[in-house]
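Biologist: Could you take me through the sheet and one helix contact of this model, with the cut-offs behind each term?

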Amino acid sequence: MRYLPLTDKDRTAMLAKIGVASVNDLFVDVPKAAHLDGPVKGLPLHQPEYEVERHMASLAAKNITAGSAPFFLGAGAYRHHVPASVDHLIQRGEFMTSYTPYQPEVSQGTLQYLFEFQTQVALLTGMEVANASMYDGASACGEAVMMANRVTRKNRAVVSGNLHPHYRDVIATMSRMTDFVADLQVPSPVAIENLTALIDDQTSCVVVQNPDVFGNLHDYSALAASCQAKGALLIVAVTEIVSLGLITPPGAMGADIVVAEGQGIGNGLNFGGPYLGLFACREKYLRQMPGRVCGQTLDADNRRGFVLTLSAREQHIRREKATSNICTNSGLCALAFTIHLSLLGEAGLTRLAETNHAKTCQLADKLAALPGCKVLNSSFFNEFTLELPKPAETVVEQLAKKPILAGVPLSRFYPGDKALANLLLITATELTTDADMDALASALKEACQ
């Protein structure tokens, strides 16, 4: 407490006000087994700042960073090139000084980019309206199910087995806490799911992903029609937002709600966060959409201006009337997204997506020719599942020593599932070079012998 500007008298008064005798009384709910009986062993009581920096740098140096080795990781977090101009522009004063846009007269910079962001998301997803961002794709997906329950007044969500496991986990957690049924299907990289047969009169929504977690592409038009016939909503999740520069957007397939992870545009991997949740839906469901919506209007002098149009969050209204308990949005990440996408333009995004797909086709052909290896996908965007002749986790650890970050073993998502133990999820982007591909192919050939 040495850095807190409180005297002993201040602390005593504060403790008395809340009705406890000491600071230790604030931790009575922490199990005794979690209490320390003294300072952490082996940790110095204090060190000069420069020594701490040196020590932390030595620890960080043990990691293999994304840009320092051939990199084939994906599975919901993608390494794309972010122009230096994005980082420069997000630091301009118009954006930096108006973080919270509750006073529109002094927050026009923030409100305008959020308005533009919503427009971009609606266009990308093929939907009519979009909100001013959410935490990440997984939490947006959970919020979409909650929204579908409110819209349909039903309480059963059919969840595809090929939805990203993190997204499935969020839905499952929300179902336990808010008393709806999450019908989680079994994952399969090759089997075709018959989700239509699972829709009944209590189904509020069907949740799917495109491309799915194994990289497969889908046309959900028939499923959307089946959902509509039964009064259920179709929710489509997109973990690789760059894919929408090339493949059919979910809105064109009949989706009612689209959620996505926006990290791939304007934002780096950032050690796993912060990321950017995208959320779009049909206009008729607008008032049940979580988060907030920025709108355009005219002021008293007939000049264009921007305002918060809808903001039905717990931060603003009573909990029972709120559409969401998400009390902020990923504003800086949304700004980076908007700037990067504006720099690319429609043609630039299409070229970027085409490059990603071409690189991945090249890599898939190269790896499919290796003895004992098989690409399981009949279609993909920039990610595919490779079956190896031995456990993928072992191979990945072996290649990391070279160092090559070979991909994501699906056993990390599905521990104990022997059918998926030999499967490796591999991603290529515009940053993947021919030399990277050759290094991976050579290392895999040796490791799989």
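Modeller: What follows is a short set of questions and answers on strands and helices.

Modeller: This is a predicted model, in which local features need pLDDT of at least 70 and side-chain atom pairs count only at pLDDT 80 or more, while totals for chains, interfaces and linings use all residues. Residues are numbered from 1 along each chain as its sequence is written, and side-chain values use heavy atoms, with hydrogens and water left out.

Biologist: Which are the edge strands of the open sheet?

Modeller: Helices (H or I, at least four residues) and strands (E, at least two) are DSSP runs numbered from the N terminus, and two strands pair if DSSP finds at least two bridges between them. The seven strands run in the order β1-β7-β6-β5-β4-β2-β3, with mixed pairing. The strands that pair on one side only are β1 (129-130) and β3 (181-184).

Biologist: In which sense do β2 and β4 pair?

Modeller: R156 stands opposite T203 in β4. Over four bridges, β2 (residues 156-159) and β4 (residues 203-209) pair in a sense that is parallel.

Biologist: Why does α9 count as roughly parallel or roughly antiparallel to α11?

Modeller: Axes are lines fitted to C-alpha atoms, for helices over the stretch in contact (heavy atoms within 4.5 Å), and angles run from 0 to 180 degrees between N-to-C directions. The axes of α9 (residues 331-368) and α11 (residues 434-447) come within 10 Å and cross at roughly 25°. Angles under 35 degrees count as roughly parallel and over 145 as roughly antiparallel, with 65 to 115 roughly perpendicular and the rest oblique. The crossing angle therefore makes α9, relative to α11, roughly parallel.
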